[in-house]
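Student: I want to learn how to read aromatic contacts in a model. Where do we start?

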Amino acid sequence: MAAGVTPPRRAAPRWLTGRQFKRRPAGAAPGLSLAMESVDVAVRTLPSIGRLSRGPPFGRAHGRFGFSPSGRPLPPAPRSEENVDLQSTAFLLHKRWTLYSVTPLYKFSDAHLRNYARLLSAFIAAEKQKGLAVEIGIELDIKVAVSSLPDLKGSDQDHAAILVQLLSRSPASSKSSEDKLIWSGWFCCVSGDGFPENLPEDFTCLPLFLANGAESYTSIVGSWFQKTFDCYFRRLAISPLSLSWMAAMWTGCKMGKTASAIELIFSVPSLPQPLDISYAIHPEDAKALWDTVQKTPGEITQEEVDIFMDCLYSHFHRHFKIHLSATKLVKVSTSIASAHCEGTIKFLQSQYLTGVLMLLTELAISQIQ
Amino acid sequence: MQQERSSQTPKQPLQVRKSQTDLSAWRKGRTTNGEKSVQNHQSPDGQKNDSEQGSFEQALSYFKKVPDRVSLRKNTALQKSLAAVETIALQRGLPPEGFHVLLKVALSGKLADAVNARLLKCLVPASVVPEGAVVSAVSLLCVSKCSSNVQLLFIRWLITMFDYIDSKEQLHALYAVFFHLLQDEKMCPYVCHLLYLLTRKENVKPFRVRRLLELQAKMGMQCHLQALLSLYKLFCPELVTITLPGKTKNFFKNSEGPWKAAMNTVRQRNFPVHQPLLLGTAQPQSRKRKWNAQLIVPASSTSRNNLEENRGSHVDLYSTSQSFPVEQLQTFPQLLHNIHRLEFPSQMASVLTNPLLLHYMNCVKDESVYLRLHFWMSQALQEECTWCVADNHQNEEEFKIFLETIYKTECFLQEGFSSCEEFLYKSLPLWDGVCCQSQVLKLVSWIPLRSFSGMKSQLYDPLAQLFFTSSLYFKCGVLESLTELLQNWLNCHMFCPDSESESQVHSLDTTLSGLLNALAELINFVGRISTAALRLERKSSFLLHFILSFYETVCDIYLRYNLPLLILPPAGIFYPALLSMSPVILNQLCYLMYRYRTNLVAAKKNELSKKKSLQFKISSQTYREYNQYVIAMVGCLWTSNVFQKDTHPQGLRMDEELLKATAVQDYKTSFNIVYHPAMIGYAVQFLQQAFPDEATLNFSLIKGKRWNWYLEFLYAQGLEGLKAFIESSINRVSRAPHGKAEDHESEDRV
C-alpha cells in the first residue's frame with residue numbers, strides 16, 4: 001500500500017509564474033520522479049463514483065435524479081478565529097485514515113456511549129477468542145472508549161462526531177504506564193445538509209467513517225456496528241476527478257510561510273509494470289496560477305478546476321512531452337491534507353479539518369445515496 | 001431425530017419444542033387403531049397381546065411394592081416382571097401410568113444398578129410421559145440414592161424424551177435444580193443439553209452467567225457450554241457475548257442412543273407414516289469473506305435495541321422479557337401466536353431469506369423497516385455488482401443467487417424495492433446483457449410504476465440499445481419481462497388504487513392521467529422496439545409469439561383493469577402477424593382482435609350511457625384504426641378481397657393492374673381461411689379426410705356446406721382464437737353461402 005508513505009520528492013523549484021508559461025532552463029524543470037513503484041490499486045469499489053451516478057458525476061444529487069452542483073462554495077475560512085478548541089482535534093492530524101461510507105445508524109443514541117463501549121469490548125474479546133464466552137462489563141485486555149466530539153461538525157443539523165478508541169491495557173504490574181492506543185476510528189458528518197431528506201428520528205446520519213489501525217480491528221468494530229445499528233460500511237474510494245478538486249481547492253487556501261510543496265502523483269495505466277509520475281509544484285506558484293483561474297465569486301466551478309489542471313498538464317507536456325491527462329491521478333498532497341485514490345487521507349492542518357471533512361462527507365453521501 | 005437435529009444448531013432452539021407432535025390427537029387415533037387391529041388380528045395374536053398385557057400389569061404392581069435389595073439372579077418374580085416390562089415397552093411403548101412406578105423404582109436405589117439401567121432403558125412412551133412422574137423422579141435424583149451412572153442415564157433419558165413430556169411448567173420451575181447439577185463433571189455435557197432445552201429468558205441471570213463462565217474457565221472451550229452460553233447471549237446480549245467458531249456441527253453428545261431403536265419401533269407402530277415436520281430455513285453458511293462485503297444475507301438475530309432498556313432507569317412498556325427472539329421463529333403458527341411480541345432482527349436484510357419475517361413485514365406499517373432494508377440493499381447491490389465493479393467476475397454465481405433472492409422477495413411482497421430500481425437505472429447502461437441475464441430481466445419486471453419523466457432515459461433507452469444488439473432469445477426475454485412489468489403495474493393499480501398510505505421516500509404520482517401516461521409510454525415503447533425487432537429477426541414466429549403475448553395483456557386493460565386505455569399494436573406488428581406462416585400466430589392475432597373488439601364495444605357502450613363527457617375516453621382514432629385492421633383481417637381470412645378493401649396506409653391494398661402483372665392466377669382468392677399460407681396445411685388435411693379417394697387436391701371444393709364443415713374442422717384443431725374472431729366479427733347471413741363480412745364497428749364514424 002502506498003498509504004502513509006510519501007514518495008521521495010525532488011526539489012520543487014519556483015518555476016511557475018502563473019500568468020504565463022515561459023520556457024525555463026532545463027535545470028529548473030519541475031520536480032519529477034519517475035519512480036517504478038508498485039502501487040496496489042485493486043480496490044474493491046467502483047473505479048469512480050461517476051460511473052454509477054447520473055448527470056455530472058460529481059457532487060451531491062438533490063432529489064432523486066436531480067442535478068449535482070457543478071460548483072462548490074469556497075472552502076470555509078480557517079476556523080482558528082472561531083471559538084473552537086483546536087487542541088481537541090489535534091490528535092486526528094498526521095495519521096493516515098482509511099475512509100468508509102456508512103449508511104444511517106438505526107437506533108443509535110448518544111446517551112448510551114458507555115454501554116456501547118462495554119458491549120464492543122466484550123465483542124472484541126469474543127471475536128478474538130472464538131468459542132469462549134465473555135461476560136459483559138468485566139475488565140478485558142482491550143479497553144474500548146466511545147466518546148463524542150461535539151466540535152466536529154459543520155452545522156447544527158449535523159450529528160456530533162463519534163470517536164471509538166481501542167486501548168490495550170497495560171500489564172497490572174506497571175500501573176504507572178498509560179493504556180496504549182492501538183486503533184481508533186470516528187464517524188462524522190460535516191454539513192450533511194439534512195441528508196437524506198425526512199429521515200425518521202430512529203436514524204442517525206454519520207455517513208463518513210475514518211479508521212486508523214490494524215484492518216482486523218476495523219473489521220471487528222465495523223461488523224459490530226453493522227450488527228448493532230443495521231448499517232453498511234463500504235470503502236470510500238476517491239475518484240481522480242475528486243482528487244483534482246482537492247488539488248485545486250487546497251491550492252487556493254492561504255497557508256503562510258509554512259506551506260510545503262504541492263505534489264500530485266499520477267499512475268500510468270496499462271503498463272506491464274506500474275509506473276508512477278510525481279509532479280511537485282511550489283505552493284506559491286500553484287497559488288498564483290489558481291488565482292488567475294479562479295474568478296467566480298464565492299464558489300469554485302468544475303470549469304475552473306479543469307482549467308487549473310489543464311494548465312498544469314500543458315506545462316508538464318512542454319517539458320517532458322508526457323500527456324498527464326492520459327494518466328490517472330492517484331494522490332494529492334498539500335500542506336492542508338494528503339489524499340489517495342484508494343480512499344485514505346491524512347489531515348495536516350487543524351484549521352482546515354472541517355473544510356476537508358465537508359468534502360469527504362459529500363463524497364460519502366453520494367456513495368450511500 | 002428432531003432432537004438430535006435441534007441439538008446441533010443452537011440458533012434454532014425451538015425446533016425441539018415446536019416439533020412436538022399433537023399427542024392427544026394421536027392418542028385418539030391409537031385407541032381406535034388398537035381396536036381395529038385387535039379385530040383384524042388373528043385370534044392367537046390377540047390372545048398373545050392380552051396375555052402380555054396381563055403380565056405387564058402384574059409386573060407393574062410388583063414394582064410398586066418391590067422390597068429393598070432384591071437380587072435379580074435369585075428372584076424369579078423380578079426376572080419375570082422385568083422381562084414383561086421390557087417386552088411391552090420395546091414393542092408398543094409404555095402407557096403414561098407406567099412411568100411413575102418404574103421411574104420411582106429405578107431411581108430409588110432399591111435394586112441393583114444393572115436392573116435400574118435396564119428399567120430406564122425400557123422407558124419408551126407409547127404416547128406421552130406424564131410431567132408428574134418426571135418431577136418426582138428429579139426429587140429422587142436429588143437425594144442421591146442411586147449411583148451416578150443411573151443419574152446420568154436418567155438425564156440422558158430426560159433429554160431424549162423431552163418432546164414427549166405432556167407439560168413442562170413444573171420442570172421449568174426446577175431449572176435451578178438442574179443448573180446445580182452442572183458441577184458434576186461427568187453429567188455436565190448432558191445437563192447443558194437439558195438446560196438448553198429448558199432455558200427461557202427469565203432463567204438467564206447474571207449469577208448463572210458467571211457460574212457458566214467459571215465452568216468455562218475451568219474446563220476450557222467445550223461445545224456444550226458454548227451452545228448454552230450462546231443461548232444465554234441470545235436472550236440477554238447485555239450480559240454475555242460469544243462468537244461461535246464456524247466449524248462446530250454437533251454441540252451436544254448424542255443422548256438417545258439406548259432408546260433409539262425402541263423409539264423407532266414404537267413410532268413406526270404408532271405413527272405409521274411419520275414425517276418429521278421441519279420448516280426451518282436453515283441454509284449453509286458459506287465461507288469467510290471480507291467483513292464488509294456481506295453479500296451473504298445476515299442471519300436473523302435478535303435486535304439489540306433493548307440493550308439500553310435493561311438499565312432499569314425507566315419502566316419499559318414493551319417489557320423485554322416479553323419479546324420473542326426471531327431466532328426461535330420457525331413455524332407459521334409460532335408467528336401467529338407471537339406476532340404481538342415479535343421484534344425485527346437487528347439486521348433487517350435477514351428478512352430476505354426468512355419467509356415468516358416477510359409475512360410479518362407485510363403487516364407492519366413502519367417506514368424504518370423499509371428504510372433499513374433499502375440502505376442495506378442498495379449498498380450491497382452496488383458493491384457486489386459484477387459488471388460495475390472491476391475484478392469482481394469470480395463472484396458472479398453469488399451475485400446471481402443474491403439477485404434471485406431479491407426477485408423472490410419482491411414476488412412474495414408483490415412489490416418492487418426502490419433500492420433495486422435505482423440499482424437497475426444505474427447499472428443497466430453498463431450492463432452487457434449477458435451477465436446474470438435472467439435475474440436482471442426478472443428484476444426489471446418489478447420496477448415500480450412511477451410517472452416521472454426519467455423512465456425513458458433510465459430504463460427504456462439502455463434497454464433498447466441492448467435489445468437491438470442482442471440475440472433473438474434476449475429480445476424474447478426482454479419482451480417477457482416487460483409483459484410482466486405491465487402486469488405488475490396493472491395489478492398494483494388494481495389492488496392499491498390509492499397509495500397515499502405508502503409514504504415511501506419517493507412518493508409516486510398516482511393521478512389517473514399520470515398512471516395512464518406511464519402505461520401508454522411502456523406500451524408504445526414495446527410497440528416500437530417490436531416493430532424494429534421483427535424486421536431485424538425476419539419476422540420470426542418465435543418473436544411474434546412474445547410480442548403478441550404482450551398485447552394479450554394490453555387488449556384487455558379496459559375490461560380487466562377498468563382503465564380507459566386501449567392501444568392497438570402498430571401496423572409493423574399487425575401485418576407480419578396477419579401474414580405469418582404460422583397458424584399459432586394467426587390464431588393468437590384473432591384472439592387479440594376479438595378481445596379488442598369486446599373492450600371497444602364495452603367502452604363505446606359506457607360512453608354512450610353516461611351522457612356527461614368523461615374525462616378520459618378512448619379516442620376515435622383507436623376505433624378507426626381497429627376498423628381498418630378488422631377490414632384487412634376479414635378480407636384476408638374470409639371475403640378474399642384484402643387487396644381491394646384494406647384501407648390502412650401500410651395495408652395490402654394493390655391496384656388491379658399491378659396484381660395482374662404478377663401473373664398469379666386467382667389472385668383474388670389467394671387469401672382466405674383456405675388459401676392463407678398459415679391455413680393451407682389445414683385445408684390439405686381437411687381435403688384428405690373429406691375426399692380420401694381424390695388424387696389431386698381441389699381446394700375449390702371447400703365452399704357452401706363444406707365451408708361450414710371446414711370451419712368446424714378448424715375449430716376442432718384447437719383454433720379457439722379464430723373461432724372467437726369469426727363468431728364475433730363476421731356477420732354471416734344464413735342464406736348466403738359464403739357469409740358476408742361486415743366491418744362491424746360503426747364507431748369509426750364517431
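**Aromatic contacts**

Tutor: Start with a cluster in this predicted model. A:Tyr100, A:Phe108, A:Tyr116, A:Trp183, A:Phe187, A:Phe209, A:Trp224, A:Phe225, A:Phe229 and A:Phe233 together make one aromatic cluster.

Student: How many aromatic pairs are there over all chains?

Tutor: A search of the whole structure gives 49.

Student: How are the rings of B:Trp387 and B:Phe399 arranged?

Tutor: Check the angle between the planes; over 60 degrees counts as edge-to-face. Here the planes stand at 75 degrees and the centres are 5.9 Å apart, so the pair is edge-to-face. The pair links distant parts of the chain, with its residues twelve apart. B:Trp387 is in the loop between α18 (367–384) and α19 (396–413) of chain B, and B:Phe399 is in helix α19.

Student: Are these two rings buried or exposed?

Tutor: Buried means under 20% relative accessible area. B:Trp387 has 10%, so it is buried. B:Phe399 has 0%, so it is buried too.

Student: What about B:Phe467 and B:Phe468?

Tutor: They form an edge-to-face pair, 5.6 Å centre to centre, with 75 degrees between the planes. B:Phe467 is buried, at 0% relative accessible area. B:Phe468 is partly exposed, at 34%.

Student: Which charged end sits over the ring of B:Phe162?

Tutor: That of B:Lys168, 5.0 Å from the ring centre. Look also at B:Lys604, which lies over the face of B:Tyr623, 4.9 Å from the ring centre.

Note on methods:
Residues are numbered from 1 along each chain as its sequence is written. Chains are lettered from A and ligands numbered from 1 in the order in which they are written. This is a predicted model: local features need pLDDT of at least 70, side-chain atom pairs count only at pLDDT 80 or more; totals for chains, interfaces and linings use all residues. Side-chain values use heavy atoms; hydrogens and water are left out. Rings of Phe, Tyr and Trp (its six-membered ring) pair if their centres lie within 6.5 Å; planes under 30 degrees apart count as stacked, over 60 as edge-to-face and the rest as tilted. Helices (H or I, at least four residues) and strands (E, at least two) are DSSP runs, numbered from the N terminus. Buried means under 20% relative accessible area, exposed over 50%, partly exposed in between (1.4 Å probe, protein chains only). A charge sits over a ring if NZ of Lys or CZ of Arg is within 6 Å of the ring centre and within 35 degrees of the ring normal.
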